[in-house]
Amino acid sequence: MIPEKIKIPQIALGTWGIKSEQLVQLIPQAIKIGYRHFDTARKYSNEDGVGEGIKQSGVSRDEIFITTKLWRTDFLRTGSAFNASLERLQTDYIDLYLLHWPFFFWSKAWTDLERIYKSGKARSIGVSNFNIKELETIKKKYQITPAVNQIEFSPFYYQKDLLDYCQENNIQVESYSPLTRGFRLEDPKLKVIAQKYQKTVPQILIAWVLKHGLVALPKTTSLLHLQQNWDAQQIELAEADFAYLNSLNENYSALSTFWSRRGRPI
Ligand SMILES: NC(=O)c1ccc[n+]([C@@H]2O[C@H](COP(=O)([O-])OP(=O)(O)OC[C@H]3O[C@@H](n4cnc5c(N)ncnc54)[C@H](OP(=O)(O)O)[C@@H]3O)[C@@H](O)[C@H]2O)c1
């Protein structure tokens, strides 16, 4: 079953690593700029800050799109984990509820998400970090097609086969770490393109993600960057530059880089 297509605001504020206290200040600012989509997760320990920030903005709940995610340690108690997320976010429904990673028991957890979707408390459900094989398993064995697959996606990690598969199967792809978590912003190849458009490298990266039809989830705690990232929606990349950026794939993962610099494997 392919659920009715939901409208997802194309730019979200990513919130990984931002503390709740900071989000309470940041989210009303983001909403003033125009952001309506916030990407959080139980694992980020900041859902309460997202909920409070939205409340303090004064904008009504139905104008906001909230994504949160089920963490692996909750796969065997999905119902209570979902309710706890609702409570922390100060809401009675989630716009998009994702399975954060395909760990053990993910298929059982997907059945739970289907139940939550049918209850109406999650307006849409999806997955994150799923590969084609795992998506095929859902297609063959379960009732509901995920609305979304949230994956790492940047020119240096251009997961074309997975994107093609998702687009053929009506699964919206969302790009996490679209700015390479900050690791590759000085790359000379990107700087040349940015200079050509008189824009910043992050703006070019966001424009590239959007031109692919993806939802972009850039994270920032800076007001200037918040505005710049939002303004990237105005950039029209020429086909030749788009193709050039498509050619930069290195299967480079910013997440792997992050963890390897901390001496821990992901
Ligand atoms: N589903 C998953 O498994 C998963 C995994 C990773 C991430 N995510 C989601 O995706 C979101 C984004 O990914 P991410 O947090 O890994 O990293 P990211 O958005 O790729 O990069 C964030 C970094 O870029 C910098 N930055 C942002 N805008 C900038 C600008 N305009 N100019 C210069 N620097 C800029 C930020 O610093 P400043 O604060 O100084 O701007 C920060 O250091 C996360 O927050 C989370 O919501 C999901």
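Two strands pair if DSSP finds at least two bridges between them. Helices (H or I, at least four residues) and strands (E, at least two) are DSSP runs, numbered from the N terminus. This is a predicted model, where local features need pLDDT of at least 70, side-chain atom pairs count only at pLDDT 80 or more, and totals for chains, interfaces and linings use all residues. Residues are numbered from 1 along each chain as its sequence is written.

**Exercise 1. Get the overall picture**

Work out what the fold contains and how the sheet is ordered.

Step 1: take stock of the elements. The chain has eleven helices and eight strands. Its radius of gyration is 18 Å, close to the 18 Å that the globule rule gives for 266 residues, so the chain is as compact as a globular protein of that length. (That radius is taken over C-alpha atoms, and the globule rule is 2.2 Å times the number of residues to the power 0.38.) Along the principal axes, the C-alpha trace spans about 50 × 45 × 40 Å.

Step 2: order the strands. Reading across the open sheet of eight strands you get E1-E2-E3-E4-E5-E6-E7-E8, with parallel pairing. At the edges sit E1 (13-14) and E8, each pairing on one side only.

Step 3: look at burial and contacts. Of the 266 residues, 44% count as buried; the cut-off is 20 or more other C-beta atoms within 10 Å of the residue's own, with 12 or fewer meaning exposed, anything in between partly exposed, and C-beta atoms placed from the backbone. Now take the contacts (C-beta atoms, placed from the backbone, within 7 Å) between residues at least 6 apart in sequence: 75% of them join residues at least 24 apart.

**Exercise 2. Follow the chain from E5 to E8**

Trace the pairing from E5 through E6 and E7 to E8, and decide whether E6 and E7 are enclosed.

Step 1: start at E5 (residues 125-128), which pairs with E6 in the parallel sense over two bridges. Ser-128 stands opposite Gln-150 in E6. Together, E5, helix H5 (residues 132-141) and E6 form a right-handed β-α-β unit. Right-handed here says that, with the strands pointing away from the viewer, the path from the first strand over the helix to the second runs clockwise.

Step 2: move on to E7. Five bridges join E6 (residues 148-152) to E7, and the two run parallel. Helix H6 (residues 160-168) carries the chain from E6 to E7 in a right-handed β-α-β crossover. Opposite Gln-150 you find Glu-174 in E7, and Asn-149 faces Val-173 in E7.

Step 3: finish at E8 (residues 215-216), joined to E7 by two bridges, again running parallel. Glu-174 stands opposite Val-215, while Ser-175 has Ala-216 as its bridge partner.

Step 4: check the faces. In a regular strand the side chains alternate between the two faces of the sheet. On E6, Val-148, Gln-150 and Glu-152 are on one side and Asn-149 and Ile-151 on the other, all buried. On E7, Gln-172, Glu-174 and Tyr-176 point one way and Val-173 and Ser-175 the other way, and all are buried. With five of its five residues buried, E7 (residues 172-176) is largely enclosed by the rest of the structure, and E6 is largely enclosed on the same count of five of five.

**Exercise 3. Check the loop after E7**

Which residues in the loop between E7 and H7 have a positive phi?

Step 1: recall the background. Most residues other than glycine have a negative phi.

Step 2: pick out Thr-180, in the loop between E7 and helix H7 (188-197). Its phi is positive, about 55 degrees, although Thr-180 is not a glycine. Thr-180 is buried, with 24 other C-beta atoms within 10 Å.

Step 3: add Arg-181, which lies in the loop between E7 and H7, with a positive phi near 55 degrees. Arg-181 counts as buried, with 20 C-beta neighbours inside 10 Å.

**Exercise 4. Describe the ligand shell**

How many residues surround the ligand, and which are the closest?

Step 1: count them. There are 27, the closest being Gly-14, Trp-16, Tyr-176, Lys-219 and Thr-220. Near means a C-beta atom, placed from the backbone, within 6 Å.

Step 2: find the main contributor. Helix H9 (residues 223-231) gives the largest share of the shell, three residues.

Notes. Two residues are in contact if their C-beta atoms, placed from the backbone, lie within 7 Å.
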